[in-house]
Amino acid sequence: GMIERLDYLVALGIDAVWLSPHFPSPNWDWGYDISDYCAAAPEYGGLPAFRAFLDAAHARGLHVILDLVLNHTSDQHAWFLESRSSRDNPKADWYVWADTPPNNWQSCFDGEAWTYAPERDQYYYHYFMKQQPDLNWRNPAVREAMWDAARFWLDMGVDGFRLDAIGTIFEDPDLTPHTVPLTLAGLRRLSETAATPAERALVDRYWRDMFVHQLGGPGLHDLMKELRAVLDEYPGDRMLVGEDEDVAYLGNGRDELHLVFNFPLMRTPPPGAITPAHVRANQAARLALLDALPAAGWPCNTLGNHDCSRVATAFAPDPDHAAAAARVNAALVLTLRGTPFLYNGEEIGMTDHLIADPAHLRDTMATWYYDALVNDLQVDPAEAALRAAAMTRDKNRTPMQWSAAANAGFSPAGVTTWLPVNPNYAAGINVADQEDDPESMLNYYRRLLRVRRASPALQTGAYRPLKPRARDYLAFLRAAAEQMVLVVLNYAPARQQVRLDRRSLDAALRTPGRASQLGGRILFSSHAGGDDATGDTGLADLQLTRIDLAPYEVLIAELG
């Protein structure tokens, strides 16, 4: 099925595919509990199917990166089965063991972080759920085994890895207890009921303090250097992106990761409201951090992934304009400086689907929380069901919506899909209905991606902010040696008048007198004929001329 959809991805206009874990797994955490790093899950067709997929992707010019989970394995992995079998096993020290729980650490998924194994009469540590025991990365044999697993896929031709939860690999070696007077369930509940700024600030502090000793322990940078050295053994373009926002993981530009995510872009004040002011502040801070590195780092922007609400749901403060806001946010990610990551389904406007019946939840983090609310915290089951539906990752992992046929074309009629299909597939939120509609979200993404791929400035150009006090619209330049592009994004449901004078353009261009030489040609307008629109915008006389933006309009123009 994945091979059959490769041509769809090519037509969309992307360059690479990041696969969530495709390894064999008991699926307690839907693939992030790996039982064999050197195989492909049988339900996906095993290694023969993966090799065919990789070859077919490469034949179409698509790169493929895999999700590499370094922190932990499945409790069904052969390594852990050996380790837990006895204290004398050769792999006894491949995981983190203690005679008694040495502290009050919590698993971020399901409560206590130490689980008893009767075979050894000891407890093992797990930052995630008890079915995901943490590897002991201080053991050189663990490192060598994991690097061999990475080489297995690189030998096959995989183009790199997205590194899952790298901050959890090393914990505080002193095993210092946390100071939060709550369990994980109690803290989640407090997060839901906090009503005042002081209570919300306390919740933020508690979340930080509960896990502070379990994250970012010493040794991470040395580990990333080892993995980069493995990658650099191979010819061609191979890439590492870390599930982290700390730009220090980029090292000196040649010895650690290639990318880390700009997660602060997703953390909006207030939640769910992307504003021009937030984007300007984010870019100023983020690009300054990257530029301060020994070799200037390259940005990486996204607004969604498999662990958070979908873009069309998360950043829609006004439900009446949610679809229009999603289009502006798509343009934001695809025009900011850096590599953009898109989550499957964004391109057709897929939204979260709240699963009201806990019996239909598959996310074990959510089913654990529902049980804890009802049984430990005595919350009414109806409210608990709503809370679990809102916090679960299931809501944004529902099947891709390919058509208006049964099961949205993801599975044949009569099949029960792994998660319920969002019913809005029948209302046009599907690929087939949008395929030939020039105004659809799908074709909007395709046009944006075509403009990006054809514009050197949008691919590699510097970011130069304009109109720093504009409240309702975001304006900036992308400047490369061979091209200069103006981007204006209207975040308001009302028309905007944008005036750009020569002085502000000269300041942004850092070239006195350059603006007086500029004219303009529209490359893309969401309200003026798409990428077929062309024309002189009068940029040489912008002190006398205004740019009129329609509500939620996206305007991209080449200057020259």
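User: Before we start, what does "buried" mean here?
Analyst: Buried means under 20% relative accessible area. Keep in mind that this is a predicted model.

User: OK. What share of the protein chain counts as buried?
Analyst: Of its 560 residues, 56% count as buried.

User: How many helices and strands are there?
Analyst: The protein chain has 16 helices and 19 strands. Its radius of gyration is 25 Å, and the globule rule gives 24 Å for 560 residues, so the chain is as compact as a globular protein of that length.

User: What does the C-alpha trace span along its principal axes?
Analyst: About 80 × 55 × 50 Å.

User: And the contacts? What part comes from residues 24 or more positions apart?
Analyst: They make up 68% of the contacts with a separation of 6 or more.

User: What about the accessible surface?
Analyst: That comes to about 23300 Å². Carbon and sulfur atoms hold 54% of it.

User: How many charges of each sign are there?
Analyst: There are 50 positive and 72 negative charges. Their mean positions lie 8 Å apart.

User: Let's do helices. What's up with H4?
Analyst: Helix H4 covers residues 140–156, which is 17 residues. From first C-alpha to last it reaches 25 Å, close to the 24 Å expected at 1.5 Å a residue.

User: Which residues of H4 are buried?
Analyst: Among them are Val 142, Met 146, Trp 147, Trp 153 and Leu 154. Two arginines are on that list as well, Arg 143 and Arg 151.

User: What do the buried residues of H4 pack against?
Analyst: Three helices and two strands: H2 (46–59), H3 (78–85) and H7 (220–231), plus E2 (63–69) and E8 (160–164).

User: Next, H6. Why does its length agree with a helix?
Analyst: H6 has 15 residues, 197–211. At 1.5 Å a residue they should span 21 Å, and the end C-alpha atoms are 22 Å apart, so the two agree.

User: Which of its residues are buried?
Analyst: Val 203, Tyr 206, Asp 209, Met 210 and Phe 211. They pack against strand E4 (106–107) and helix H5 (184–193).

User: H5 again? Which glycine is found in it?
Analyst: Gly 186 is found in helix H5. Its relative accessibility is 14%, so it counts as buried.

User: How far is Gly 186 from Leu 377?
Analyst: In sequence, 191 residues. In space, just 7.6 Å from C-alpha to C-alpha.

User: What covers the buried residues of H11?
Analyst: The cover includes strand E5 (111–112), H5 and H12. Those buried residues include Trp 368, Tyr 369 and Tyr 370. H11 has 13 residues that should span 18 Å, and its end C-alpha atoms are 17 Å apart, which agrees.

User: What comes between H11 and H12?
Analyst: A loop, and Gln 378 is found in it. Gln 378 has phi near 55°, a positive value in a residue other than glycine.

User: Is Gln 378 buried or exposed?
Analyst: Exposed, because its relative accessibility is 62% and the cut-off for exposed is over 50%.

User: Which aspartate has a positive phi?
Analyst: Asp 121, with phi near 55°. Asp 121 sits in the loop between strand E6 (114–117) and strand E7 (122–125). At 43% relative accessible area, Asp 121 is partly exposed.

User: Switching topic. Where is the cis peptide bond between two prolines?
Analyst: It joins Pro 269 and Pro 270, with omega about -5°. Pro 270 is in the loop between strand E10 (259–260) and helix H8 (276–291).

User: H8, then. Which leucine can we look at there?
Analyst: Leu 290 has its place in helix H8. Leu 290 is buried, at 3% relative accessible area.

User: What does Leu 290 touch?
Analyst: Leaving out residues up to four places away in sequence, Leu 290 touches several residues, including Val 247, Leu 250, Trp 298 and Pro 299. Ala 408 is 42 Å from Leu 290, C-alpha to C-alpha.

User: Last one: where is Cys 308?
Analyst: In the loop between strand E11 (300–301) and helix H9 (311–314). Cys 308 is buried, with a relative accessible area of 19%.

User: What is it in contact with?
Analyst: Beyond its neighbours within four places in sequence, Cys 308 contacts Met 266 and Asn 396. Arg 393 is 85 residues from Cys 308 in sequence, but the two are 6.5 Å apart in space, C-alpha to C-alpha.

Conventions: Residues are numbered from 1 along each chain as its sequence is written. This is a predicted model: local features need pLDDT of at least 70, side-chain atom pairs count only at pLDDT 80 or more; totals for chains, interfaces and linings use all residues. Side-chain values use heavy atoms; hydrogens and water are left out. Helices (H or I, at least four residues) and strands (E, at least two) are DSSP runs, numbered from the N terminus. The expected span of a helix is 1.5 Å times one less than its number of residues. Buried means under 20% relative accessible area, exposed over 50%, partly exposed in between (1.4 Å probe, protein chains only). Contact means heavy atoms within 4.5 Å. The radius of gyration is taken over C-alpha atoms; the globule rule is 2.2 Å times the number of residues to the power 0.38. Accessible areas come from the Shrake-Rupley method with a 1.4 Å probe; for residues, only the protein chains shown count as cover. Lys and Arg count as positive and Asp and Glu as negative; His and the chain ends are not counted. The place of a charge is taken as NZ of Lys, CZ of Arg, CG of Asp or CD of Glu.
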